[in-house]
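Student: I would like a close look at a single part of this model, the nonpolar core. Please take me through what builds it and then through the parts around it.

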Amino acid sequence: MNDLFSSPQMMGLLLQALGVAMIAALSFTLLRTIRRVPLKPWTAAWLVLFTALSALLTAFRVPAWMPVLLPIYMAGEYAFGLLMWIGCREFVTGRPPHRGDLWLVAALGLFALAGGLARSALFTGVLAVHTAIYAVLLLLGYRQ
């Protein structure tokens with residue numbers, strides 16, 4: 001096992017996960033007090049992102065679990081982007097999630113599984129595509 005405090009990257013990832021946990025807690029509190037419809041997908045998004053970052057942190061600390069935890073991390077980031085987009089769409093248009101969104105969920109889930117299982121030589125290309133997909137999902141939410 002790697003020491004959690006041994007590198008700046010690990011500390012940065014830990015701080016990011018803790019910051020996301022605080023945002024998730026705030027969103028959950030707002031969800032319980034304000035009762036706005038878009039807060040449901042946004043709260044779920046922050047919880048999923050915390051789970052994804054925790055999986056990545058664990059994967060770096062226990063490299064033997066990388067093949068299992070890396071797809072969870074990638075799928076979690078995609079779920080975060082989708083839930084943010086769905087929440088933004090619901091906030092602006094009032095249109096809730098529907099079955100037509102499921103094809104995108106399935107496609108991203110398959111890519112996360114395939115990308116997480118890629119070996120190191122292929123992983124650089126997978127990571128570039130992953131980053132582009134994640135950016136597009138966040139851009140969709142912004143464009144709403």
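**The core and its helices**

Tutor: This is a predicted model. The largest nonpolar core has 28 residues, and those that touch the most other members are Trp 46, Leu 49, Leu 53, Tyr 73, Met 74 and Phe 80. Two or more residues of this core come from each of H1, helix H2 (39-61), helix H3 (66-93), helix H4 (102-116) and helix H5 (120-143). The most is given by H3, which supplies nine residues.

Next, consider how H2 and H3 are placed. Their axes come within 8 Å and cross at roughly 160°. Angles over 145 degrees count as roughly antiparallel, so H2 is roughly antiparallel to H3. The crossing of these two helices, H2 and H3, is left-handed. Sorted by class, the residues in the contact of H2 with H3 are 25 nonpolar, three polar and two charged.

H1 also gives residues to the core, and the segment before it deserves a look. Ser 7 is found in that segment, ahead of helix H1 (8-33). The relative accessible area of Ser 7 is 19%. Buried means under 20%, so Ser 7 counts as buried. A polar atom of the Ser 7 side chain lies 3.2 Å from the backbone nitrogen of Met 10. To sum up, the core draws on helices including H2 and H3, and Ser 7 sits in the segment before H1.

Notes: Residues are numbered from 1 along each chain as its sequence is written. This is a predicted model: local features need pLDDT of at least 70, side-chain atom pairs count only at pLDDT 80 or more; totals for chains, interfaces and linings use all residues. Side-chain values use heavy atoms; hydrogens and water are left out. Helices (H or I, at least four residues) and strands (E, at least two) are DSSP runs, numbered from the N terminus. Buried means under 20% relative accessible area, exposed over 50%, partly exposed in between (1.4 Å probe, protein chains only). A polar contact is a pair of N or O atoms within 3.5 Å; within protein, one must be able to donate a hydrogen and the other to accept it, and residues adjacent in sequence count only if both atoms are side-chain atoms. A nonpolar core is a set of buried Ala, Val, Leu, Ile, Met, Phe, Trp, Tyr and Cys residues joined through side-chain atoms within 4.5 Å. Axes are lines fitted to C-alpha atoms, for helices over the stretch in contact, and angles run from 0 to 180 degrees between N-to-C directions. Angles under 35 degrees count as roughly parallel, over 145 as roughly antiparallel, 65 to 115 as roughly perpendicular and the rest as oblique. A crossing is left-handed if the near helix is turned anticlockwise from the far one by less than a right angle, and right-handed if clockwise. Ala, Val, Leu, Ile, Met, Phe, Trp, Tyr, Cys and Pro count as nonpolar, Asp, Glu, Lys and Arg as charged, and the others, Gly among them, as polar.
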